[in-house]
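Welcome! Take a good look at the model below, then try the exercises one at a time before you read each solution.

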Amino acid sequence: MTTAAPRSLFWKLFLPIGAALGLCALAAAIVVPRYIERNAEREAVTAARETARQFTLLRQYYTANVVAKVMAHPGLRAGSDHLDHPDTIPLPATMVLELGELLRDSGVNLKLYSPYPFPNRANRVLDSFGEDAWAYFQRHPDQAYTRTERLGRATVVRVALADKMIAQSCVDCHNSLPGSPRTDWKLGDVRGVLEVDSSLQLETGRRAIYAVLATLAALLLLAGLFLRLFYQRAIAGPLEQALAAIGALTAASDAKVAAAQAIAAGDLDRDLAPVPALALHGAAPGNDELGSLLRSVQRNLELQRALDGAFAAMLVSLRAARLRDTERDWLKTSQNELAEAMRGDFSTAELADRVLRYLAQRLGAGLGALYLVSGADGALERVATYALLSRHDAPARLAPGQGLPWQALRERRMLCLDPVPADYMAIGSALGTARPTVLTVWPLWHGDTAVGVLELGAFRPCTALEQELMALVREACALSFSMQQAHRHTERLLRQAREQRGGDVANGGARPHVSGGGQAIDGA
């Protein structure tokens, strides 16, 4: 069975939010630029109308207050060639066109044209906008005609107003002016088209659109970063801690099941790995669902740690019980084996050799000697040795009161010499020799009777268990030696008695001989 690859909770939680934000941003990116563009167009139309109105007012004022007064003087005139004649002022149309040229660099382009141009402007042809505007003004002379067009690389709002004959002086001038294309003008007639082209508002609107789009992108990016940081800190971090704790708890549970099965099968050497405590990084769990989850996991971990402690204590108790059973078995086995070694009819030397050899091997000694108290003079006589390089290395007799063995007998306790002096005999084998590091002397007492001394040399001190073994078997060994010595002494007495009876019988066969009243005694 295959499982799907895990997906991050972040995407499950915030993908709908991100999608909603993205849709909102997309809608804003579609709607807002259009709104800004339409608003920029409206502002451009309004500004162009205002500019055209201002030029119209300026032209009216110039016509009424300048041209009219100039034309009243014979030495002055109005014409389009005013730059070359000091006595000539510009015509109102010429003034408007020249002012438009001056305003061109500011983003405003002002034009004045007509289907009835003066001869000096006859080569100017109206474009489609101009033709449409002239046709429109024939029907609606008091309204504005607008259109947004792409001129070159720029988008321009073109606003046209009707240039009407608004003063009688204008009518008279155009009807009487030499070279005028038409001489039947009347007051209120549309003379031409006043056009104002502006791209400033559109450029401003376009920059506003770019700014809005950049702001939306930046806001989306900041929102994404904020959501990511918020998720990592408030959700992912605590959740990862909880998942790690649950994973550790699960792994520990599997290990505990295996360890419990092994312990139930008798393997007490298995150890239980305790569950680690839940280390909460950052603030304490909150009051939300995630905080409740963390607190629940923490309580489960604390409970599991308490169970681990109880299980570990139980395991220690089981190991201690097993150790006690092992030690009791070892002590019982050692006692039985020593009793088996001493069972039989042996001489004192044979019995001492068997006892010394077993105890030296059981206690891990490298050399040893066994001395028994002599019944003749009370001295300690060597009766057995173990692994000595030469029997002459150990003295055959120790006079009463001399040396460490007699001191152990006096104190009736084990004496230990650690470390051993450098001049002591060495433990040897075919591979080399080495001086023992520890020397122990065990007194052998049976009741109030000193029986002997057991002396062992080893490379380590005796353990508590080995000392307990010696405490259990010393008196049994002493009793065995005492009984063996008593038995041998009884045998010697019986043998001496038999030998004495045999001599008495031999002497009793030669009785005294009496003859002639005399007595003769032949005795031994």
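**Exercise 1: A residue inside a helix**

Phe 137 has a relative accessibility of 1%, so it counts as buried. Keep in mind as you work that this is a predicted model.

Task: Find out which helix holds Phe 137 and which residues Phe 137 touches, leaving out those up to four places away in sequence.

Solution:
- Step 1. Locate the residue: Phe 137 belongs to helix α3, which covers residues 128-139.
- Step 2. List the neighbours: Phe 137 touches Gln 143, Ala 144, Tyr 145, Ala 160, Leu 161, Ala 162, Val 190 and Val 193, with residues up to four places away in sequence left out.
- Step 3. Look along the chain: Gly 192 is 55 residues apart from Phe 137, and their C-alpha atoms are separated by 9.2 Å.

**Exercise 2: Buried or exposed?**

Task: Decide whether Glu 466 is buried or exposed, and find the side chain with which the side chain of Glu 466 makes a polar contact.

Solution:
- Step 1. Place the residue: Glu 466 sits in helix α9, residues 464-508.
- Step 2. Apply the cut-off: buried means under 20% relative accessible area. Glu 466 has 7% relative accessibility, so it counts as buried.
- Step 3. Check for a polar partner: the side chains of Glu 466 and Arg 460 make a polar contact at 2.8 Å.
- Step 4. Add the neighbours: not counting residues up to four places away in sequence, Glu 466 touches Trp 330, Arg 362, Leu 363, Arg 460 and Pro 461.

**Exercise 3: A strand and its partners**

Task: Work out how strand β14 pairs with β7 and with β13, and why β14 is largely enclosed.

Solution:
- Step 1. Start with β7, residues 367-373: this strand pairs with β14 in the antiparallel sense over six bridges. Here Gly 368 stands opposite Leu 456 of β14.
- Step 2. Turn to β13, residues 438-446: this strand also pairs with β14 in the antiparallel sense, over nine bridges. Val 438 has Ala 458 in β14 as its bridge partner.
- Step 3. Inspect the link: β13 and β14 form a hairpin with two residues between them, and Gly 447 in the turn has a positive phi of about 65 degrees.
- Step 4. Conclude: β14 is largely enclosed by the rest of the structure because eight of its 10 residues, 449-458, are buried.

**Exercise 4: The whole chain**

Task: How many helices and strands does the chain have, and what percentage of its residues is buried?

Solution:
- Step 1. Count the elements: there are nine helices and 16 strands.
- Step 2. Read off the burial: of the 524 residues in the chain, 34% are buried.

Definitions and conventions
Residues numbered from 1 in each chain as written. Predicted model: local features only at pLDDT ≥ 70, side-chain atom pairs only at ≥ 80, totals over all residues. Heavy atoms only, no water. Buried < 20%, exposed > 50% of the residue type's maximum accessible area, 1.4 Å probe, protein only. Helix = DSSP H or I, 4+ residues; strand = E, 2+ residues; numbered from the N terminus. Pairing = 2+ DSSP bridges. Polar contact = N/O pair within 3.5 Å; in protein donor to acceptor, adjacent residues only side chain to side chain. Contact = heavy atoms within 4.5 Å.
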